[in-house]
Amino acid sequence: MRSADERMAFLDVLIAGYATPVEVQRFLRAEHSAGAVRCFTAWADGKPVGAAAMSVHGRTAVLGGAATLPHHRGCGVQAALLGHRLRAARCAGAVAATATAAPGSPSARNLVRSGFHLEPRTGWNRPA
C-alpha cells in the first residue's frame, strides 16, 4: 500500500465486502490502519474489488481481514489475494501462517485449497 488513497480504497472494499454495522466498520478501519498491518488490494478494470490484510509476528504470518465485493465473488479474487499474502509472508521471513474462517464458508474452502488444515480450539463465552 503506497498512498492514503490506496489505503482508503482498501478500507472501503473491506467494509463493503463485510457489509457490517457502523460500529464494526469503525473497528475494522482502526484495526487495519495499524502500522504493522500490511494491506493488499485486488483490482479489476481499474477498480478495487478485493482486500486482504496480513501481519507478521516473528516467524508467523497472521492472515486476516479479507473481503471481496459481492459482484466479484466466485471469480478467484480471494484465492489470488491469499496466494499473494502467502508469498509476501515467505519474503518477510515467515515459516508458518495462520488464519480464521467460518467452517464450511468459501473462505474456509480457499484456505484448505491453499494447504491450511483446521486446528480446533476452545472458545469461551459469557453473558455480557
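The side chain of Ser105 reaches the backbone oxygen of Ala102 at 2.7 Å. That small detail is a handy way into this structure, which is a predicted model. So where does Ser105 sit along the chain? Look in the loop between strand β4 (96-99) and helix α4 (106-113). Is Ser105 buried or exposed? Its relative accessibility is 14%, and because buried means under 20%, Ser105 counts as buried.

## Two helices that meet

Now scroll back towards the start of the chain. Helix α1 covers residues 4-18 and helix α2 covers residues 22-31. Their axes come within 10 Å and cross at roughly 145°. As for handedness, α1 passes α2 in a right-handed crossing.

Which residues do the touching? On the α1 side you'll find Met8, Leu11, Asp12, Ile15 and Tyr18, and they meet Gln25, Leu28 and Arg29 on the α2 side. Sort the residues of this contact by character and you get five nonpolar, one polar and two charged.

Keep an eye on Asp12 and Arg29. How many salt bridges does a search of the whole structure find? The answer is one, and Asp12 forms a salt bridge with Arg29. The closest N and O atoms of this pair are 3.1 Å apart. Asp12 lies in α1 and Arg29 in α2, so the pair ties together parts that are 17 residues apart in sequence. How open are the two partners? Asp12 has a relative accessibility of 36%, so it counts as partly exposed. Arg29 has 28%, so Arg29 counts as partly exposed too.

Another α2 residue worth a click is Ala30. With 53% relative accessibility, Ala30 counts as exposed. If you draw a line from the C-alpha atom of Ala30 to that of Gly123, the two are separated by 24 Å, and they are 93 residues apart along the chain.

## Two buried residues and their contacts

Back in helix α1, take a look at Val13. Its relative accessible area is 4%, and Val13 is buried. What does Val13 touch, leaving aside its neighbours within four places in sequence? Its contacts are Pro48, Val49, Gly50, Ala51, Ala67 and Leu69. For a sense of distance, the C-alpha atoms of Val13 and Pro106 are separated by 18 Å, with their positions 93 residues apart along the chain.

Thr68 gives you a similar exercise from a strand: you'll find it in β3 (residues 60-68). Thr68 is buried, with a relative accessible area of 9%. Again leaving aside neighbours within four places in sequence, Thr68 is in contact with Gly17, Val49, Gly50, Arg73, Val77 and Gln78. Try comparing that list with the one for Val13: Val49 and Gly50 are among the contacts of Val13, and Val49 and Gly50 are also among those of Thr68. From Thr68 to Pro21 it is 17 Å, C-alpha to C-alpha, and 47 residues in sequence.

One more buried spot is Gly83, in helix α3 (residues 77-91). Gly83 counts as buried at 17% relative accessibility. Gly83 and Ser114 are 31 residues apart in sequence and 7.6 Å apart in space, C-alpha to C-alpha.

## Two loop residues with positive phi

Finally, here are a couple of backbone details to hunt for. Ala19 and Asp45 go side by side in this table.

| Residue | Loop | Phi | Relative accessible area |
|---|---|---|---|
| Ala19 | between α1 and α2 | about 50° | 66% |
| Asp45 | between β1 (38-44) and β2 (47-57) | about 55° | 79% |

What sign does phi have at Ala19? It is positive, although Ala19 is not a glycine. Asp45 is not a glycine either, and its phi is positive as well. As for their surroundings, Ala19 lies in the loop between α1 and α2, and its relative accessible area of 66% makes Ala19 exposed. Asp45 is in the loop between β1 and β2, and with 79% Asp45 is exposed.

Note on methods: Residues are numbered from 1 along each chain as its sequence is written. This is a predicted model: local features need pLDDT of at least 70, side-chain atom pairs count only at pLDDT 80 or more; totals for chains, interfaces and linings use all residues. Side-chain values use heavy atoms; hydrogens and water are left out. Axes are lines fitted to C-alpha atoms, for helices over the stretch in contact, and angles run from 0 to 180 degrees between N-to-C directions. Helices (H or I, at least four residues) and strands (E, at least two) are DSSP runs, numbered from the N terminus. A crossing is left-handed if the near helix is turned anticlockwise from the far one by less than a right angle, and right-handed if clockwise. Contact means heavy atoms within 4.5 Å. Ala, Val, Leu, Ile, Met, Phe, Trp, Tyr, Cys and Pro count as nonpolar, Asp, Glu, Lys and Arg as charged, and the others, Gly among them, as polar. A salt bridge is a side-chain nitrogen of Lys or Arg within 4 Å of a carboxyl oxygen of Asp or Glu. Buried means under 20% relative accessible area, exposed over 50%, partly exposed in between (1.4 Å probe, protein chains only). A polar contact is a pair of N or O atoms within 3.5 Å; within protein, one must be able to donate a hydrogen and the other to accept it, and residues adjacent in sequence count only if both atoms are side-chain atoms.
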